[in-house]
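Reader: Please take me slowly through the nonpolar core of this protein, and explain each term as you come to it. I would like to see how single residues and whole elements fit into the picture.

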Amino acid sequence: MKCQFVTFVILSSFCFSLYNCTGSTDNTASSADSGISASNPYAGFPSQVEWGKHLVIIAGCGDCHTPKKMTDKGPVEDTNLALSGHPSQAPVAALTPDQLAKGMAATYDLTAWNGPWGTSYAANLTPDSTGLGAWSENQFITCIREGLYKGIQGARPLMPPMPINNFSKMTDNELKAIFAFLKTVKPVHNVVPEYQPPAGAGK
Ligand code: HEC
């Protein structure tokens, strides 16, 4: 049977960059949108959804949130499963504590990550009920702006490698455009596994 996944260990330099991405508490995102006006509400794009699509592409949401197919050119995004998160039944990289001390691991499709923070799984961002189907726009903005699971006050913080420290700087209009686009993608039913803290961590 063909190997379903490979794992790799990314050493400390990438690890540091992730901590830099998530470690800051400076979430003072600007609500100013340069160039946005009544006559140009979508940054030059014909609609809010088109602008959101552009932002999702350039921000690389699919790099982690879209499962991949292995091809002779390497992994490519599985467009049938676009933005549907870590597939519920897919295996996860398992590392020994010694290996984890040297870095972290991810499945080849980058939807599941294992590091000193535990195991995190890229969420289902499609409008299915197992994704963002029941989310409000405000919930989405709070989630990204404050790095809170499901955008609920008091919920746990989102874990690496979700680049919260970068995306929290998006403006309200950018986040609204992204949310509007995500509401238009094909709904995919996929219950993403729950985040697991590191083995041995206190509750
Ligand atoms: C480098 C990988 C990576 C990239 C790029 C990325 N994400 Fe994530 N994202 C994750 C992981 C992993 C999680 C799960 C974190 C957790 O459970 O703590 C996550 C969680 C989320 C959540 C929280 C879902 C919930 O149930 O609370 C949302 C919303 C989200 N991502 C949206 C986005 C959007 C929108 C983009 C692009 C603008 C994006 N992500 C780019 C890895 C990534």
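Author: Two residues are in contact, or touch, if their C-beta atoms, placed from the backbone, lie within 7 Å. This is a predicted model, in which local features need pLDDT of at least 70 and side-chain atom pairs count only at pLDDT 80 or more, while totals for chains, interfaces and linings use all residues. Residues are numbered from 1 along each chain as its sequence is written.

With that in hand, begin at I144, which touches F167, S168, M170 and L175 when residues up to four places away in sequence are not counted. The C-alpha atom of I144 is also separated by 6.3 Å from that of I164, although the two residues are 20 residues apart along the chain. I164 has its place in helix α6 (helices, H or I of at least four residues, and strands, E of at least two, are DSSP runs numbered from the N terminus). I164 counts as buried because 23 other C-beta atoms lie within 10 Å (buried means 20 or more such atoms within 10 Å of the residue's own C-beta atom, exposed 12 or fewer, and partly exposed in between, with C-beta atoms placed from the backbone).

Now widen the view to the largest nonpolar core, which has 32 residues, and in which L125, F140, I144, L175, I178 and L182 touch the most other members (such a core is a set of buried Ala, Val, Leu, Ile, Met, Phe, Trp, Tyr and Cys residues joined through C-beta atoms within 7 Å). At least two residues of this core come from each of α2 (48-58), α3, β4 (104-107), β5 (112-115), α5 (137-146), α6 (164-167) and α7 (172-182). The largest share, six residues, is supplied by α7.

Helix α7 therefore deserves a closer look of its own: its buried residues are E174, L175, A177, I178, F179, F181 and L182, and what covers them includes α2 and α5.

For the setting of this core, the protein has seven helices and six strands, and from the N terminus on its elements run β-α-α-α-β-β-α-β-β-β-α-α-α. Buried residues make up 29% of its 203 residues. Among contacts with a separation of 6 or more, 67% join residues 24 or more positions apart.

As for confidence, the mean pLDDT (the predictor's confidence in each residue, from 0 to 100) is 85, and 82% of the residues reach 70 or more. Over residues 1-29, however, the pLDDT is below 50, and this stretch has 40 contacts in the model beyond near neighbours in sequence.
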